[in-house]
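This report describes the strand arrangement, the helix packing and the cysteines of one protein chain. The model is a predicted one.

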Amino acid sequence: MRARSVVVVLYDGVQSLDVTGPVEVFAGAGAATRQPGAAYRVTTASPGGRPVRSGSGLRLLPDADLAEVGPVHTLLVPGGEPFEDPEGILVERIRELAGRAERVVSVCTGAFLLGEAGLLSGRRATTHWAYCEELARRFPDVTVDPDPIHVRDGHVATSAGVTAGIDLALALVEEDFGRDTALLIARHLVVFLRRPGNQAQFSTQLAAQVAARQPLREVQRWIAEHPEADLSVEALAHRSALSPRHFARAFAAEVGVPPGRYVDGVRLEAARRLLEDTDDGIEEIARSCGYGTPEAMRRAFVRSLAAPPAEYRRRFRSAPAGGH
């Protein structure tokens with residue numbers, strides 16, 4: 001089996017985890033396939049082959065000059081802030097390498113470098129949620145999707161921040177060598193092979209704002225801890241000692257989403273976790289997460305994740321419950 005060449009672009013200010021996370025995944029493929037060195041050949045390269053200093057101050061010594069690297073199967077461009085390229089050398093090198101690469105991948109704000117190189121034009125892409133608006137503003141011909149943890153459009157793949165680069169690297173390994181290989185790497189790194197690319201960048205609780213008033217914060221906590229309970233506006237309003245109308249208006253204003261939508265997100269997240277981590281049956285999970293019937297849960301999954309619960313479990317479960 002011929003090793004696939006992975007070239008990782010380095011530059012001053014690069015995010016070190018955007019580099020090391022995917023590199024560890026690709027490096028682990030050799031052991032997982034029991035063919036060390038035959039899965040991926042990883043090369044780090046910088047303009048001029050010069051050492052670089054990451055955004056956290058870590059000094060990185062590249063293997064090669066970007067202008068001199070050989071054949072490229074996968075070009076990986078990590079994020080970093082800020083990056084400086086006053087003469088456009090970095091962008092030009094990325095453009096040249098991308099022209100002969102089979103896959104082009106960015107992690108986090110590496111999408112901006114792909115955009116500068118013209119590699120995202122007419123494509124769908126994502127980046128770290130905090131920079132999606134800026135990416136869309138700077139590159140209006142790019143369809144920026146702020147929700148997924150990674151997006152694949154043709155031979156170009158972009159991902160959200162830091163750990164999403166690991167998710168994307170695992171997805172690429174699965175594409176190249178199969179799910180079992182990717183799963184072995186995920187277990188070795190003690191990460192989960194389970195996040196679909198269209199999964200939201202952060203959980204319902206993280207995506208929403210935390211209410212300013214204590215009664216509403218308590219309602220948020222109650223929802224998360226009791227997805228099976230009566231979470232109607234009337235019931236939640238009673239818990240917060242507000243009228244239903246006042247509660248709905250205050251919750252939406254302080255949390256950023258209406259209470260019904262917030263509840264839907266919490267229940268979906270709870271059901272996903274149970275499908276991923278337990279042997280519980282679909283009917284039991286539907287009941288414990290407040291859906292009432294398996295059909296109601298199935299509709300919610302298809303609407304939000306484009307996969308029914310059984311298919312979601314088959315595709316994204318990391319290991320049998322109780323497995324090692």
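## The sheet

In this predicted model, seven strands form an open sheet of mixed pairing, in the order β5-β2-β1-β6-β7-β11-β10. Its edges are β5 (64-65) and β10 (150-153), each of which pairs on one side only. Strands of a sheet are held together by backbone hydrogen bonds, in either a parallel or an antiparallel manner.

Strand β1 (4-9) is parallel to β2 and joined to it by 6 bridges; within this pair, V6 has V42 as its bridge partner. On β6, β1 also runs parallel, here with 3 bridges, and V8 stands opposite L76. Of the 6 residues of β1, 5 are buried, so the strand is largely enclosed by the rest of the structure.

Further along the order, β7 (residues 103-107) and β11 (residues 156-159) are parallel and share 4 bridges. V107 faces S159 of β11.

## Helices on the sheet

Helix α1 (residues 16-32) packs on the sheet and touches β1, β2 (40-46), β6 (74-77) and β7. The direction of α1 makes about 155° with that of β2.

Helix α2 (residues 89-98) lies across β1, β6 and β7. Relative to β6, α2 runs at about 155°.

## The α8 and α10 contact

Helices α8 (residues 214-225) and α10 (residues 244-255) pack against each other with axes 11 Å apart, at an angle of about 85°. The angle therefore makes α8 roughly perpendicular to α10. From α8, the contact uses L216, V219 and Q220; from α10, it uses F247, A250, F251, E254 and V255. By residue class, the contact of α8 with α10 consists of 6 nonpolar residues, 1 polar and 1 charged.

## Cysteines

How many disulfides does a search of the whole structure find? The count is 0. A disulfide would be a covalent bond between the sulfur atoms of two cysteines.

C108 is in no disulfide, and the nearest cysteine sulfur to it belongs to C132, 9.5 Å away. Seen from C132, the closest cysteine sulfur is that of C108, and the 9.5 Å between them is too far for a bond, because a disulfide requires the two sulfur atoms to lie within 2.5 Å.

Are these two cysteines buried or exposed? C108 has 9% relative accessibility and so counts as buried. C132, at 6%, counts as buried too. The cut-off applied to both is under 20% relative accessible area.

Definitions and conventions: Residues are numbered from 1 along each chain as its sequence is written. This is a predicted model: local features need pLDDT of at least 70, side-chain atom pairs count only at pLDDT 80 or more; totals for chains, interfaces and linings use all residues. Side-chain values use heavy atoms; hydrogens and water are left out. Axes are lines fitted to C-alpha atoms, for helices over the stretch in contact, and angles run from 0 to 180 degrees between N-to-C directions. Helices (H or I, at least four residues) and strands (E, at least two) are DSSP runs, numbered from the N terminus. Angles under 35 degrees count as roughly parallel, over 145 as roughly antiparallel, 65 to 115 as roughly perpendicular and the rest as oblique. Contact means heavy atoms within 4.5 Å. Ala, Val, Leu, Ile, Met, Phe, Trp, Tyr, Cys and Pro count as nonpolar, Asp, Glu, Lys and Arg as charged, and the others, Gly among them, as polar. Two strands pair if DSSP finds at least two bridges between them. Buried means under 20% relative accessible area, exposed over 50%, partly exposed in between (1.4 Å probe, protein chains only).
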